[in-house]
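Please look over the structure below before reading on. The report that follows takes up selected local features one after another.

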Amino acid sequence: MEIRLLGPLELTVGDRVVPLGGARRGALLGLLALRLPAVVSVSQLVDDLWCERPPPAAVSSLRAHVSRLRGVLDDAGLPGLIATRPPGYALCAEPGAVDASRFHALSVQGRAALDAGRVDEAARCLRAALELWRGEVLAGYVLGEDARAEIVRLAEERLYTSESLYAAELGRGQHGWVAAELETMVARYPLRERLWELLMTAYLRGGRQGDALAGYRRAREALVAALGVEPGPGLRRLEAAILRGDEHVGDPAAPVARRATVLPVPITALVGRQEEAAEVGKLLTHHRLVTLTGVGGSGKTRLAIEIAHRAGPEVGFVDLSAVRDPLLLPETVGTALGLPEHPGARPDELLSRYLGPLRLLLVLDNCEHLAGACAALVVRLLGTCPGLRILVTSTGTLGVLGEVAWPVPPLSVPPPDAAAGGLTEVGGYDAVRLFLDRASVPGVRSLRDADAAALITVCAGLDGLPLAIELAAARTTVLTVGEIAGRLNDPGLLRGSGPGHRAHHGALRQAMAWSYGLLDPGSRSRFRRLAVFHGGFALGAVGAVWPESPGQAVDHLSELVAKSLVVAEHRPGEVRYRLLETLRRYAAEQLGAVPDELTRARADHAEHYQRLAATTDPDLRGPDLDRLLGLLAVEHDNLRAALAWHAAHRPGEPELGFATDLARYCHLRGRYREGRRWLEEALGRVGGMPASPALARALNRVARLAFFECDYAAATAHGERALATHRELADVPGAAAALGLLGSIARERGHYDVSLSWHRRSAEAYRSAGDPGGEATALQLAGFTHWLGGDLSEAERLLDRALGRFRQLEDPEGVASCRLHLAAVSHYRGDQVRARSLAERALAGFGDLGFDEGRAWASNILGLVEQAEGAPAAAITRLRLSLELHCGIGDRWRAASVAEALAASLAGGPDTVAAAELFGAANAIRAVLGTPVPPRERPARDATAAALRAALPDRERYAALDRGEELLLADLPGLVP
C-alpha cells in the first residue's frame with residue numbers, strides 16, 4: 001500500500017490505483033497522511049476540509065465521510081487503516097507508506113552525507129527524494145489554513161533539498177548543467193539568496209568570472225527592488241572572492257565542522273502528544289524562536305525531545321537544569337554542541353561564529369532559572385545566525401521580540417459522561433492511558449468498567465498534568481484507584497491555593513505534597529536531602545548524605561524509586577539516579593525549611609565528592625584509568641558544586657587540596673581552563689601560605705595546566721615556584737616532577753638542550769627516590785624531545801627503555817605514549833609500516849582511555865604516514881581529525897604543526913587557498929606563543945611554503961596568509977574540505 005501526496009493524491013495497492021469516490025474522502029485521507037503518525041482532532045479536520053467555514057452539521061458530515069472512506073478501504077483490502085483516537089482520527093500506516101515521509105527521510109540522509117563531504121552519496125539520496133515529486137502537494141484540493149501551512153512547509157523542504165542537490169553536484173564537478181538549471185531557478189525564486197550563491201559558484205567553477213560577477217549584480221538588483229535590502233554575507237563574500245580572482249572559494253559541498261550532540265533517549269514511552277509535536281514542528285518552520293511554557297511537570301522537556309527527534313540530524317540539545325551561574329550559560333551551550341575552547345575568546349562570540357553558517361534547531365531545555373541570560377544569548381544568536389531556529393522550554397517566556405509562546409496543554413481528560421462507556425471509552429484519553437501505563441501493578445491491569453468513574457475523577461482532579469498523574473499512578477502500590485480518587489480533596493494535602501499559585505501549579509504541588517506526605521518522617525528527610533545533588537548521583541553518594549543509615553541506603557533508595565520520587569537510569573555497567581527537576585525543586589524547598597539539615601546535607605555532599613577526588617587521583621595512571629575518568633566525568637556537576645562549597649566554607653588547604661586532586665582529571669578530559677581556574681583561585685585565597693606538601697603539589701598541577709594552555713610565562717612561574725617549594729621540603733619526587741615540567745616547557749619553546757638537561761635531572765631524581773614510574777615518564781619526555789629535535793637514535797633508545805618500564809607497571813597511558821613517539825621515530829626514518837602499526841596501537845589505547853590529547857597526537861602521526869605513502873585523501877581525513885581534537889582541547893602549540901601538515905596535503909590541488917590560510921594560521925599561532933618550528937618538522941614546512949609559492953600568485957598567497965592569521969583556533973578545522 002502506498003499513499004502519494006506529492007502531486008495529485010493517489011492510493012495504490014500493489015499496481016492498482018484505488019478510486020476513493022469523492023473529493024472530501026480524498027482530502028480526508030490526504031490530511032491524515034500529511035500528519036502521519038499524529039492524531040488529527042475532529043475540529044482540525046473540520047477546519048481543513050471546510051476552510052474554516054463549516055456547515056452547521058460539519059461534525060456529523062465528517063463522520064459520514066470517515067465511514068464511507070473506511071468502506072472504500074475495506075473493499076481495497078485495507079481494514080483498520082483509519083483508527084478513532086480521541087480527540088479525532090489517525091492513520092495506522094508505516095511512515096514509509098507515504099511518499100512525503102520517504103521524501104523527508106531521503107532528504108535528511110542526503111543533507112547529512114553532504115555535511116560529511118560524501119557528495120556522491122548525497123547526490124544519489126537527494127535526487128531520489130526529488131524524483132518522488134509529481135506536482136504540487138495534494139493538487140486539486142481546497143484546504144484550510146493549517147493544512148496549507150503544512151503544504152508550504154513541504155514545498156520549502158523541496159526547495160531546500162534542490163539547493164542541497166545542486167551543492168552536491170557542484171562538489172562532483174558538474175558545474176555546467178547545474179548553472180543552466182540554476183538560471184531557471186533564480187528566475188522563479190529571485191529573492192532566494194542561496195540559489196544566487198550556487199549559481200555564482202557554478203560560474204566561478206566553470207571559469208566564467210564575468211558571469212559570476214554579473215550574477216551578483218542581478219541578485220542585488222532583485223533584492224533591492226523587492227525588499228529594499230542589500231545582499232547577505234554569503235553573496236558579499238562570493239563577490240569579494242571573484243574580485244580577488246579566487247576560483248576555489250565558496251565550495252558549497254564542504255562539510256560543516258561540528259560535533260553532533262546526543263539527544264536524550266526517554267526511559268518510558270511517550271503517551272499522547274503526537275498532535276502537539278506536529279503543531280510545534282510546524283510553528284518552527286515559520287518562526288525562529290518558539291518557547292514551550294507551562295508549570296514544571298507539564299511535559300515540556302518530553303515534548304521538546306520528541307520534536308527534536310522528528311527534526312532530523314541537524315539538532316543541538318542543551319539541558320540547562322544543572323547550570324546555576326548565568327555567566328556559564330554560553331560556555332555550557334558551547335560544550336554541549338562540541339565547540340572547542342579558545343583561550344581569550346568570549347564563549348558567546350565563539351557560538352555566533354560556530355552557528356553562523358549552520359541550519360540547526362537548537363533546544364534550550366529548562367531555562368526558567370536563567371531567563372535573563374537565556375534571553376540575551378538567544379537575541380545574539382538569532383541576530384548573527386540566519387539558519388538557526390531555537391526551541392526553549394521554560395515556565396515563562398523569555399520576553400524576546402519575535403518569540404512565539406506555546407503553552408503545553410494538559411493531556412486529554414475524559415468528560416464525566418464518558419464513564420458510561422466503561423474502560424474502553426475512557427481508555428482512549430491520553431491522561432487515562434498515561435495513568436494505566438505507569439501504574440504497572442496487577443490490581444490496575446484487572447480494572448473493570450465500574451472503575452471508569454474513579455479514573456475520570458483522578459485524571460480530571462489532577463488537570464491532566466503528566467507529572468501529577470505519574471505520581472498518582474505510583475500510589476497504586478498502596479491504594480486502589482477509588483481510594484486515590486477519594487483523597488484528591490483531602491484537607492491535609494497541599495493544593496497550592498494560596499497567593500501566587502495558579503490552578504495547574506496547585507494540582508502539581510498537590511501531587512508532590514501528597515507523595516511527600518505519605519512518607520514516614522525519616523523518608524521525608526532522606527528525600528529532601530537528595531536536592532543537594534546536581535545532574536544525578538550514584539548509590540555511594542546517597543549514603544554520604546544519609547549518614548544515619550548508610551547500610552540501608554539501597555533499601556531506602558529503592559523505596560523512593562518505587563514511589564516515582566527518584567528516577568533510576570540504567571547505563572552499561574551502572575545505575576544512576578536523579579530527581580525530576582520539579583521534584584528536586586520541591587525537595588529543595590522542603591530542605592530549606594530545615595536550616596540545620598540543609599547545612600549538614602551540603603557539607604556531607606561536598607565532603608563526599610572531595611573524598612572521591614582524593615581517592616581517584618592517585619589511580620589516574622594505572623589500569624583502572626578508563627573507569628575512573630568516566631566516573632569523574634559523569635559527576636562533574638557535583639564536583640563543581642562541592643568545590644564551590646569548599647571555596648565558601650573551607651578556603652585554604654582543604655579547598656586547595658580538592659582543586660589539586662581534580663587537576664589531572666581536568667588534564668585528561670581537556671578541561672584545562674576550568675581546572676586551572678579552580679587552582680589559581682584556591683591559591684589566591686591561601687595567600688602567603690608557607691611551604692607545605694599541599695602547596696607544592698598544587699603549584700605543580702597548576703603549572704601543568706597553564707603549560708597545556710600554552711601559557712608558558714605562567715607555567716614557568718608556577719613551575720619554578722613548585723620546584724623551590726619541593727626542594728625546601730626535601731621532596732625529591734615532587735622536585736623531579738617540577739623538573740620534568742620545566743623540561744617540557746623548554747621543549748615547546750624550542751630550547752632542546754635546556755629541555756634535555758631538565759629531563760636528565762628529573763630522571764636522576766626519580767631514580768634516587770626509587771620511583772620507576774616517574775623515571776619512565778622522564779625517559780619518555782627526553783625521547784620525545786630528541787626526536788622532535790632531530791636525534792632519532794637516542795630517541796628510540798630512551799623510548800624503548802621507558803616502554804619496558806610502563807609495561808611492567810601496567811600503565812596504559814604510558815605504554816600508549818611511548819608507542820606514539822616510537823611511531824614518530826619510525827615515520828621519520830622512512831619505516832611507514834612499523835610507524836602505522838605503532839600509531840594504530842597507540843590510538844586504540846588512547847581511545848580506550850577517552851584521552852583526546854593522545855588521540856589527537858596518534859591521528860597526527862597516522863596522517864603523516866598516509867602522506868608518506870602517497871594517500872593524500874586519507875592523510876587529510878586523519879589530520880583533520882587531529883586538528884579538531886587539538887583545537888577542541890586548546891592545544892595551540894601542536895595545532896600549528898598539524899595545520900602545516902594539512903597545508904602540505906592541500907597545496908597544489910583545488911584547495912590551495914585553504915592550504916595557504918592554514919599555513920598563515922600556523923604562523924600566527926607560533927608568533928603569539930613565541931615558539932619555533934621543531935627542527936624535525938622544518939624540512940616539510942619549507943617544502944610546503946615552496947609549493948604554495950609555486951601554486952599561487954604573490955597577491956593571492958599573501959591575502960590567504962593574512963586571512964589565516966586572523967582566524968580563531970576554533971575556525972581552523974572548518975578550512976579543511
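## Residues with a positive phi

Ala730 has its place in the loop between helix 34 and helix 35 (732-748). This is a predicted model, and in it the phi of Ala730 is near 60 degrees, a positive value in a residue other than glycine. Most residues other than glycine have a negative phi. Ala730 is also exposed, with a relative accessible area of 65%.

Cys710, which is not a glycine, likewise has a positive phi, of about 65 degrees. Its place is in the loop between helix 33 (693-708) and helix 34 (712-728). Is Cys710 buried or exposed? At 4% relative accessibility, Cys710 counts as buried. A further case is Cys51, found just after helix 2, where phi takes a positive value of about 55 degrees.

| Residue | Phi | Place |
|---|---|---|
| Cys51 | about 55 degrees | just after helix 2 |
| Cys710 | about 65 degrees | loop between helix 33 and helix 34 |
| Ala730 | near 60 degrees | loop between helix 34 and helix 35 |

## Helix 2 and the antiparallel sheet

Helix 2 covers residues 42-50, and in this helix Gln44, Leu45, Val46, Asp48, Leu49 and Trp50 are buried. The elements that cover these buried residues include helix 1, strand 4, helix 3 (58-75), strand 6, helix 6 (145-171) and helix 11 (274-286).

Strand 4 and strand 6 also belong to an open sheet of three strands, arranged in the order 4-6-5 with antiparallel pairing. Strand 4 (40-41) and strand 5 (82-85) stand at the edges, and because each has a single partner strand, one side of each is left without a neighbour in the sheet. Between strand 5 and strand 6 (residues 88-91) the antiparallel pairing extends over four bridges, and Thr84 has Tyr89 in strand 6 as its bridge partner. Helix 1 (residues 23-34) lies across strand 4, strand 5 and strand 6, and runs at about 75 degrees to strand 6.

## Strand 7 and its parallel partners

In strand 7 (residues 289-293), five of the five residues are buried, so this strand is largely enclosed by the rest of the structure. Both of its faces are covered, with Leu289, Thr291 and Thr293 buried on one side and Val290 and Leu292 buried on the other.

Which strands pair with strand 7 in the parallel sense? One is strand 10 (residues 388-394), which runs parallel to strand 7 and is joined to it by five bridges; here Thr291 stands opposite Val392. Another is strand 11 (residues 404-407), which pairs with strand 7 in the parallel sense over four bridges, and in that pairing Thr293 stands opposite Pro407.

## A buried glycine

Gly464 lies in the loop between helix 19 (452-461) and helix 20 (466-474), and it is buried, with a relative accessible area of 0%. When its neighbours within four places in sequence are left aside, Gly464 is in contact with Pro410, Leu411, Val413, Ala431, Cys459 and Ile469.

## Aromatic rings and nonpolar cores

How many aromatic pairs does the model contain? The count comes to 11 aromatic pairs. In one of them, the rings of Phe533 and Tyr609 have their centres 6.4 Å apart and their planes at 80 degrees, so the pair is edge-to-face. This pair links distant parts of the chain, since Phe533 is in the loop between helix 23 (521-529) and helix 24 (539-545) while Tyr609 is in helix 27 (residues 595-616), 76 residues apart. Phe533 and Tyr609 are both buried.

Not counting residues up to four places away in sequence, Tyr609 touches Phe533, Phe537, Ala541, Glu635, Asn638, Leu639, Ala642 and Phe658. Tyr609 is also, along with Phe527, Leu530, Phe537, Trp787 and Leu918, among the residues that touch the most other members of the largest nonpolar core, which has 147 residues. Apart from that core lies another, of 79 residues, among them Trp133, Leu170, Ala179 and Leu204.

Trp787 appears again in a cluster, where ring pairs link Phe784, Trp787, Tyr828, Trp857 and Trp893. Over the face of Trp893 lies Arg894, at 5.9 Å from the ring centre. Elsewhere, the charged end of Arg359 sits over the ring of Tyr160, 4.1 Å from its centre.

Key: Residues numbered from 1 in each chain as written. Predicted model: local features only at pLDDT ≥ 70, side-chain atom pairs only at ≥ 80, totals over all residues. Heavy atoms only, no water. Phe/Tyr/Trp six-rings, centres within 6.5 Å; stacked < 30°, edge-to-face > 60°. Helix = DSSP H or I, 4+ residues; strand = E, 2+ residues; numbered from the N terminus. Buried < 20%, exposed > 50% of the residue type's maximum accessible area, 1.4 Å probe, protein only. Lys NZ or Arg CZ within 6 Å of the ring centre and 35° of its normal. Contact = heavy atoms within 4.5 Å. Core = buried A, V, L, I, M, F, W, Y, C linked by side-chain atoms within 4.5 Å. Pairing = 2+ DSSP bridges. Axes fitted to C-alpha atoms, helices over the stretch in contact; angles between N-to-C directions.
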